[in-house]
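Here are my notes from going through this one, set out as numbered points. Have the structure open while you read.

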Amino acid sequence: MAYSPDRPAAPSWLVWTALWIVYIVWGSTYLAIRITVQTLPPFLAGGVRFLIAGGVLYLFLLFRKGPAAMKVTGREVAAAAFVGIALLLGGNGMVMLAEQQVPSGLASLLIATVPLWVILFRKLTGDKIARGTLVGVAVGFAGVALLVLPGDRPDGVRTIGIVMMLVAAVSWAIGTFTSSRLSLPKDPFVSTAIQMLFGGVAGMVAGAATGEFGGIDFGSFSTSSILALVYLITIGSWLAFTAYVWLLQNAPVSKVATYAYVNPVIAIFLGWLVLSEQLTVSIVAGAAIIVASVAVIVRKESASNPAVETEEPAPAALVGADAS
């Protein structure tokens with residue numbers, strides 16, 4: 001059930017507790033990914049993450065709701081597979097690959113551009129977009145230019161890593177954009193479980209195709225990398241996901257959507273605090289521009305589309321919220 005202003009209001013403290021879980025946990029997943037890929041192969045680690053997260057979620061739903069609630073059509077499975085692969089292989093998988101050399105804070109900023117790409121895709125397909133929103137998109141991409149142009153980058157960051165992050169953002173935006181245009185399973189939890197399973201399988205296939213299986217050395221896996229992967233599965237995929245779904249049912253979407261510009265700020269802070277990641281002038285300037293533009297877009301879209309507050313959330317949004 002989607003949020004409705006006519007329903008009894010949830011306690012304010014509970015709403016803000018759930019919001020801060022989403023803020024902090026999804027902001028921290030960039031740091032967890034950076035630690036994971038220090039010693040674990042990126043595609044296989046991502047594949048394991050979503051196979052376990054999706055498999056446990058699917059079994060929980062099967063036990064809780066029964067087989068009848070899990071029935072989906074072949075068309076719905078195909079749609080969920082497409083969205084899941086776009087989000088979790090093209091999006092999350094490329095993030096994990098890129099974070100082998102891209103700092104977590106910078107990665108979070110480039111993924112924060114997903115709303116900009118979604119607006120761009122909507123415009124290209126004929127949707128009417130408010131002028132103020134388009135201005136926000138243009139300003140946001142100016143911030144991206146500060147991050148991707150050679151110059152004041154952190155040490156060790158190569159252009160290929162930046163390109164991989166942009167590919168991840170575009171792929172995530174494609175999954176998010178198409179999710180509202182495809183016939184996904186009606187139950188958002190079931191849809192998310194299927195998307196995770198297909199994304200996990202795709203990650204394992206990508207790992208096999210890039211030779212990650214042949215290069216596995218379990219003795220080289222550090223404890224911190226293993227714990228970071230466990231954190232991504234349990235806290236990142238289950239706890240924050242549950243908090244996010246609860247928020248969609250008990251708080252206005254405009255409030256829930258604030259995660260889009262809070263997460264990168266938390267990710268940058270944690271990367272600096274835990275891994276001593278460099279904060280260059282271009283990163284600080286780019287962060288300010290991108291976060292501000294995304295905040296403006298979220299507010300303008302919410303104001304121009306008040307009906308969204310009571311619409312059933314698109315299933316892909318439930319996964320897409322954690323672009324890491």
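1. Let's start with the charged network, bearing in mind that this is a predicted model. Arg122, Asp127 and Arg181 are joined in a network of salt bridges. Within it, the side chains of Asp127 and Arg181 meet at 3.2 Å, N to O. Asp127 sits in the loop between α5 (114-124) and α6 (131-148), while Arg181 is in the loop between α7 and α8, so this pair ties together parts that are 54 residues apart in sequence. Asp127 comes out as partly exposed, at 27% relative accessibility, and Arg181 is partly exposed too, at 44%.

2. How many salt bridges does a search of the whole structure find? The count is four. As a reminder, side chains of opposite charge can pair when their charged atoms come close.

3. Have a look at Asp187 and Lys65, which form a salt bridge with their closest N and O atoms 2.4 Å apart. This pair links distant parts of the chain: Asp187 is in the loop between α7 (159-179) and α8 (188-209), Lys65 is in helix α2 (residues 42-65), and their positions lie 122 residues apart in the numbering. Is Asp187 buried or exposed? Asp187 counts as buried because its relative accessibility is 18%, and the cut-off for buried is under 20%. Its partner Lys65 is partly exposed, with a relative accessible area of 38%.

4. The loop between α7 and α8 turns up again with Lys186, whose partner Glu76 is in helix α3 (residues 74-98), 110 residues apart. Their side chains meet in a salt bridge at 3.7 Å, N to O. Glu76 has 10% relative accessibility, so Glu76 counts as buried. Lys186, on the other hand, counts as exposed, at 74%.

5. On to the second largest pocket, which has about 250 Å³ of space. Its lining takes in 14 residues, and those nearest the pocket centre are Leu57, Phe60, Leu61, Phe189 and Thr242. Which elements give two or more residues to this lining? They are α2 and α9 (223-250), and α9 has the largest share with seven residues. By type, the pocket lining splits into nine nonpolar, three polar and two charged residues. Helix α2 is worth a second glance here, as it also holds Lys65 from point 3.

6. There are closed spaces as well: the structure holds two cavities of 30 Å³ or more. The second largest cavity has about 50 Å³ of space. Its lining is made up of Pro103, Gly105, Leu106, Ile268, Glu277, Gln278, Leu279 and Ile283. Sorted by type, that gives five nonpolar, two polar and one charged.

7. Finally, check the surface for a nonpolar patch formed by Phe269, Trp272, Leu273, Val274, Leu279 and Val284, with about 580 Å² of accessible area together. Where does the largest share of this patch come from? Four of its residues come from helix α11 (residues 259-275). Phe269 is in that helix, and Phe269 counts as partly exposed because its relative accessible area is 44%. Leu279 does double duty, as a member of this patch and as part of the lining of the second largest cavity.

Technical notes:
Residues numbered from 1 in each chain as written. Predicted model: local features only at pLDDT ≥ 70, side-chain atom pairs only at ≥ 80, totals over all residues. Heavy atoms only, no water. 1 Å grid on protein atoms, 1.4 Å probe; cavity = no way out; pocket = protein on both sides within 12 Å on 5 of 7 lines; lining within 4 Å. Points joined across faces, edges and corners; volume = space filled by probe spheres on them. Nonpolar A, V, L, I, M, F, W, Y, C, P; charged D, E, K, R; others polar. Patch = residues over 30% accessible without salt bridge, like charges linked within 9 Å, V, L, I, M, F, W, Y side chains within 5 Å. Areas by Shrake-Rupley, 256 points an atom, 1.4 Å probe, with all protein chains shown as cover. Buried < 20%, exposed > 50% of the residue type's maximum accessible area, 1.4 Å probe, protein only.
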